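Me: I have a structure open that I have not looked at before. Can you walk me through it?

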Amino acid sequence: VNKIESDQLDSLVDLLDGRGSDTEYGALHTLHLELGTKLPEFLLRGYKRAKSWKSRSAMVFHAARYARVSQAAIDLALTAVNDKSRVVRYQALLLLAYSLRKDLIAKLEALEPSVSAESSEDLAAAIDAIKQQNQNYFVDRNHSGMVTMTMPDL
Amino acid sequence: MVGASIRGGAGLRAPGATLGKAPAPNGGIAKPHGGDAHNKAIDREIKILKSDPGVTNVRKNQQQADINGNKVGTNKPDIQYDQKKCHHCVEIDNSALNSTRHGQVIRANDPAARVDLRRLP
């Protein structure tokens with residue numbers, strides 16, 4: 001990716017505002033086609049630029065589908081798990097739960113004493129999902145088997 | 001557990017209590033819901049569901065019902081249908097801002113419902 005292209009891609013990333021509009025998804029599809037599994041690297045940069053919690057939430061939200069193939073997606077979530085916004089933290093923990101990466105359990109457990117009270121249940125659910133190797137448990141907190149979470153194919 | 005503060009949720013009703021009869025299923029035929037991409041994803045899924053003879057009572061963006069056709073919430077899942085004596089609700093999340101409560105609201109309204117939370121591709 002050359003400098004000009006990179007700038008243009010960053011501009012598209014900045015259109016990801018979390019509203020779910022056609023403009024946002026148009027930008028996302030272009031980014032997905034151009035970058036594939038490298039998109040989370042740009043989302044991580046976008047997260048660091050974003051002032052609004054809505055934009056930060058969008059960066060994490062759109063990185064979630066890459067959680068199993070991209071270290072940048074994991075790095076983004078590990079940063080966002082300390083965000084001042086509860087919604088952003090929720091999206092970060094959802095991404096980490098979806099990753100099912102057991103090597104993250106220790107890092108997540110280390111957050112337990114310091115995590116905001118309003119995110120403590122989400123943190124516990126992420127840890128549980130990874131330990132049980134079932135991403136659905138992040139949204140199915142009592143293991144009913146009645147709630148599933150599905151990500152789009154890459 | 002889910003409480004009264006969740007919009008469209010069970011409120012102070014007992015979990016699973018009904019609010020009378022739900023509107024008749026619209027068969028997935030409804031005005032566009034959300035943005036174009038979101039609406040097309042809903043319609044794509046409805047087309048697949050309607051090709052399955054085991055699927056009945058397809059609803060698009062209607063207030064939540066249960067397997068008996070009772071209204072159980074004022075929230076409107078993107079898609080609802082019945083299959084094998086089970087009521088299913090599908091939410092196709094497209095917004096990073098409002099996706100955190102869909103599953104909780106639906107389950108609080110109808111603990112017997114199956115919920116599929118998907119991301120808009």
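**A salt bridge in a helix, then the rest**

Reply: This is a predicted model. B:Lys40 and B:Asp36 lie 4 residues apart in helix α1 of chain B, so about one helical turn separates them.

Me: What do B:Lys40 and B:Asp36 form, and how far apart are the closest N and O atoms?

Reply: B:Lys40 and B:Asp36 form a salt bridge, with the closest N and O atoms 3.1 Å apart.

Me: Is B:Lys40 buried or exposed? And B:Asp36?

Reply: B:Lys40 counts as partly exposed, at 46% relative accessibility. B:Asp36 is also partly exposed, at 40%.

Me: How many salt bridges are there over all chains?

Reply: A search of the whole structure finds 13. A:Asp103 and A:Arg101 are joined by a salt bridge through their side chains, at 2.8 Å from N to O. A:Asp103 is partly exposed at 49% relative accessibility, and A:Arg101 is partly exposed at 25%.

Me: Which salt bridge links distant parts of the chain?

Reply: A:Glu109 and A:Lys131 do that: A:Glu109 is in helix α7 of chain A and A:Lys131 in helix α8 of chain A, 22 residues apart. Their side chains meet in a salt bridge of 2.9 Å, N to O. A:Glu109 is partly exposed at 31% relative accessibility, and A:Lys131 is partly exposed at 46%.

Me: Which residues are linked in a network of salt bridges?

Reply: A:Asp10, A:Asp14, A:Arg45 and A:Arg49 are linked that way.

Me: Now the interface. How many salt bridges are there between chain B and chain A?

Reply: The rule finds 0 salt bridges across that interface. Polar contacts are another matter: 20 residue pairs are counted between chain B and chain A, both residues being at pLDDT 80 or more.

Me: Which element gives the most to the side of chain B that touches chain A?

Reply: β4(B) gives the most, with 6 residues. Strand β4 (114-119) and helix α1 (36-50) of chain B each supply at least two residues of that side. By type, the residues there divide into 10 nonpolar, 5 polar and 8 charged.

Me: How many residues does the contact take from each chain, and how much area is buried?

Reply: The contact takes 23 residues from chain B and 28 residues from chain A. The two chains bury about 2200 Å² between them, 53% of it on carbon and sulfur atoms.

Me: What does β4(B) pair with?

Reply: β4(B) pairs with strand β1 of chain A, residues 147-150, in the parallel sense over 4 bridges. A:Val147 stands opposite B:Val115, and A:Met149 stands opposite B:Leu117.

Me: Which residues of β1(A) are on the covered face?

Reply: A:Val147 and A:Met149 are on the covered face, while A:Thr148 and A:Thr150 are on the uncovered one.

Me: Change of topic: where is A:Leu100, and what is its phi?

Reply: A:Leu100 is in the loop between α6 (86-99) and α7 (105-111) of chain A. Phi of A:Leu100 is near 60 degrees, a positive value in a residue other than glycine. Most residues other than glycine have a negative phi.

Me: Is A:Leu100 buried or exposed?

Reply: A:Leu100 has 15% relative accessibility, so it counts as buried, the cut-off being under 20%.

Me: What about A:His143?

Reply: Phi of A:His143 is also positive, near 55 degrees. A:His143 is in the loop between α8 (120-132) and β1 of chain A. With a relative accessible area of 35%, A:His143 is partly exposed.

Technical notes. Residues numbered from 1 in each chain as written. Chains lettered and ligands numbered in written order. Predicted model: local features only at pLDDT ≥ 70, side-chain atom pairs only at ≥ 80, totals over all residues. Heavy atoms only, no water. Contact = heavy atoms within 4.5 Å. Buried area = accessible area lost by both parts, 1.4 Å probe. Salt bridge = Lys/Arg side-chain N within 4 Å of Asp/Glu carboxyl O. Polar contact = N/O pair within 3.5 Å; in protein donor to acceptor, adjacent residues only side chain to side chain. Nonpolar A, V, L, I, M, F, W, Y, C, P; charged D, E, K, R; others polar. Pairing = 2+ DSSP bridges. Buried < 20%, exposed > 50% of the residue type's maximum accessible area, 1.4 Å probe, protein only.
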